[in-house]
Amino acid sequence: MTPSIGQQCRSRCLAESRRRASRPTNGPGSVDSVAMTDRPVTADRLAGIGPTIFAEMTKLAVATDSINLGQGFPDTDGPSEVLNAATAAIAEHHNQYSPGVGVAELRTAVADHQRRFRSIDVDADTGVLVTSGATEAIAAAMLSLVNPGDEVVMFEPFYDSYVAAVAMAGGIARFVPLNAPDDDHDEWWFDPDDLHAAVSPSTRLILLNTPHNPTGKVFTSEELRLVAAVAIEHDLIVVTDEVYEHLVYDGAHIALASLPAMSERTLTISSGGKTFSLTGWKVGWISGPEHLVSAVRLCKQFLTYCTPAPLQLGIAAGLRMGDGYFAGLAADMVAKRDRLAAGLAAVGLEPYRAAGGYFLTTDVSALGDHTALDFCLTLPGRVGVVAIPSSAFYAHPDRGRTLVRWAFCKRHEVLDEAVDRLSGIR
Ligand SMILES: Cc1ncc(COP(=O)(O)O)c(C=O)c1O
């Protein structure tokens, strides 16, 4: 009887594995004995990119049993409506690959959300792409829109994946400094001349983040109009990361895409992680005009192809929740912000005001002559608290030399315990 294709395959595999097993493994001429040359293994594009500061500080938090105010993740679960919708989706067999662009329920929910909260019209079929977290959306946007040598303008400090994503695309990051509040400015601010100066004939796009990590700045309407005017004048695309859009405490979140003439050149990124306190789910999305979204889609299909289906259905249910949920989320977080801010002030670290997001920033030079890095590396051992040196968010670390970022998205008792421990630092 002729063997089946499966049998032929199995016997070929068996013969090959016997051949390999009979080969010497350590002697001269064996495959294992050929040492690699000392040629660098990492691609040049990644030069200068190391492990993220979060991995390092979280490891330190575990090793020293510290309270982790470093990484921005809430220590409570998201709303039961969202959890239950995902659990039901698993039970209802939504467990195979989903469409690469995302399940229709979530794409429609994103389009409806943009209309409901931002007065922006996007097409659920052609203008929304679901991604594995905002991180994938950022990387896919850079990889699909930036050519080697193109310049990307961003504000500094910046969320740390930005520079890495631009580098992976072969682009060059250009920075506009965000300056800390001072006698003349109540909020973090930038000089419009610095924005104009950062743009050159090689600029391809502006990568914006509002509300902003790490500073907590919420860009004002005037500032956004300026960014929009620069983008229009130089014919630039804007990618705007609005993952903290529902965590705005002072002022209002304004989506850049809602400004006149901006919808056609803007890609907006958001994430269920922040809006539903489910950072481990990594369900994000990017929305905008078809010609931009379809470019990013080309790239996303070969990164993760698709994002876990049951989690997408959970987030879709979340986006349809009533206004009370979204208002409650911000109210809950503002109470946490104020609690930690008061505690930090009491130990001599008066924070800058955070108008949005998860983080407070303090200047540790108030406590003596040390850098933020030294302060953060020794803090866990000294008092059992972890925070992040903001220098990690600067391309010019000197600019953030004495700044430390503290996450306040934690339970009140955890914040109180952290402040209690911090009272030992003086
Ligand atoms: C500004 C900003 N963008 C993007 C992300 C990543 O979001 P996600 O977890 O959805 O990938 C974060 C996470 O902290 C962030 O702070």
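In this predicted model, G384 takes a positive phi of about 80°, and this glycine comes just after helix α13. The helix itself covers residues 372–383, and its surroundings make a good place to begin a tour of this part of the chain.

The length of α13 can be checked with simple arithmetic. With twelve residues at 1.5 Å a residue, α13 should span 16 Å, and its end C-alpha atoms are indeed 16 Å apart, which agrees. Six positions in α13 are buried, namely A372, F375, C376, L379, P380 and V383. Viewed down the helix axis, these buried residues fall within an arc of 125°, so they line one face of α13. The spacing has a familiar background: an α-helix has 3.6 residues a turn, so residues three or four places apart point the same way. The cover over the buried residues of α13 includes helices α2 (53–63) and α14 (412–422), together with β10 (385–386), β11 and β12.

Two of these elements, β11 and β12, also belong to a sheet. Three strands build this open sheet, in the order β9-β12-β11, with antiparallel pairing. Strands β9 (359–363) and β11 (388–389) stand at the edges with a single partner strand each, so one side of each has no neighbour in the sheet. Strand β12, residues 403–407, is joined to β11 by two bridges, and the two run antiparallel. In β12, V404 is the bridge partner of P389. Helix α13 packs on this sheet, where it touches β11 and β12, and its direction makes about 40° with that of β12.

Definitions and conventions: Residues numbered from 1 in each chain as written. Predicted model: local features only at pLDDT ≥ 70, side-chain atom pairs only at ≥ 80, totals over all residues. Heavy atoms only, no water. Pairing = 2+ DSSP bridges. Helix = DSSP H or I, 4+ residues; strand = E, 2+ residues; numbered from the N terminus. Contact = heavy atoms within 4.5 Å. Axes fitted to C-alpha atoms, helices over the stretch in contact; angles between N-to-C directions. Expected span 1.5 Å × (residues − 1). Buried < 20%, exposed > 50% of the residue type's maximum accessible area, 1.4 Å probe, protein only. Arc of directions from axis to C-beta.
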